[in-house]
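Colleague: I'm new to reading protein models, and I'd like some help. Could you walk me through this one?

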Amino acid sequence: MSVIVLNASYEPLHTVSIQHAIRMLVREVAVVEEAHGERTIGPFPVPRVLRLVRYVVTHWRYAAGRMKYSKHGVLRRDKFRCAYCGLENADTMDHVQPRSRGGRTEWLNAVAAHAACNERKGNRTPSEADMPLLWQPWVPTRAELVITT
């Protein structure tokens, strides 16, 4: 279970573990914006969302203009759902247009998939494998990757 951390201006920054979130509350660098019902850890409610007390400048995160591609980023963008069968717990990433056929390793050519679905598709396009995509890949924003739970 992870906790979303917001900047003092309510912009999403990243996620942290529950343990890290409690340490932030103890150090008084963050406050709880949303909690898990009535559950507590000592004197603190179990947080879902924290907000930093002081603003952290993050302009460097946006310098490149686009999010950096990664396999884990693809899985997070697709919320760990397989783009072929739609079920949860996708554990690998698939190139829509196979690399052996000129497909590039980039956001617009990658989707989350189960290993079995990926193997079934093999070195074919989704139409050749009769496995249509349930959604088209896109370049995610930082917020889409941070808020994915």
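Modeller: Sure. Let's begin with a term: the domain bounds used here come from an automatic or database domain assignment. Keep in mind that this is a predicted model.

Colleague: Okay, which domains does the assignment give for the chain?

Modeller: You get domain 1 (2-60) and domain 2 (71-147). Their C-alpha centres lie 31 Å apart. As for touching, five residues of domain 1 are in contact with four residues of domain 2.

Colleague: From which domains does the lining of the largest pocket draw its residues?

Modeller: From both: domain 1 (2-60) and domain 2 (71-147) each give at least three residues to that lining. The pocket itself has a volume of about 170 Å³. There are 13 lining residues, and the closest to the pocket centre are Met67, Arg76, Arg142, Leu145 and Val146. If you look by element, S2, helix H2 (71-77) and helix H4 (142-147) each contribute two or more residues to the lining.

Colleague: How many residues of that lining are nonpolar, polar and charged?

Modeller: Five are nonpolar, five are polar and three are charged.

Colleague: Now the sheet. In what order do the strands sit?

Modeller: When you read a sheet, walk across it from one side to the other and note who sits beside whom. Here you'd meet S2-S1-S4-S3, an open sheet of four strands with mixed pairing. The edges are strand S2 (12-17) and strand S3 (30-41), and each of these pairs on one side only. On average, neighbouring strands are turned by 30° against each other, ignoring direction.

Colleague: What packs on the sheet?

Modeller: Helix H1 (residues 18-26) does, and it touches strand S1 (2-6), S2, S3 and S4. The direction of H1 makes about 75° with that of S4.

Colleague: Which sense, parallel or antiparallel, does each pair take?

Modeller: Take them one by one. S1 and S2 run antiparallel, joined by five bridges. S1 and S4 run parallel, with three bridges joining them. S3 pairs with strand S4 (residues 44-52) in the antiparallel sense over seven bridges.

Colleague: And which residues stand opposite each other?

Modeller: Let's follow S4. Val32 is opposite Leu50 in S4, and Val5 also stands opposite Leu50. Next, Val31 faces Arg51 of S4 as its opposite residue, while Ile41 has Phe44 as its bridge partner in S4. Over in S2, Ser17 stands opposite Ser2.

Colleague: How do side chains point along a strand like that?

Modeller: The general idea is that in a regular strand the side chains alternate between the two faces of the sheet.

Colleague: Last one: how many residues lie between the strands in each hairpin?

Modeller: A hairpin is worth reading by its turn. S3 and S4 form one with two residues between them, and Gly42 in that turn has a positive phi of about 60°. The hairpin of S1 and S2 has five residues between the strands, and there Tyr10 takes a positive phi near 70°.

Terms used. Residues numbered from 1 in each chain as written. Predicted model: local features only at pLDDT ≥ 70, side-chain atom pairs only at ≥ 80, totals over all residues. Heavy atoms only, no water. Pairing = 2+ DSSP bridges. Axes fitted to C-alpha atoms, helices over the stretch in contact; angles between N-to-C directions. Contact = heavy atoms within 4.5 Å. 1 Å grid on protein atoms, 1.4 Å probe; cavity = no way out; pocket = protein on both sides within 12 Å on 5 of 7 lines; lining within 4 Å. Points joined across faces, edges and corners; volume = space filled by probe spheres on them. Nonpolar A, V, L, I, M, F, W, Y, C, P; charged D, E, K, R; others polar.
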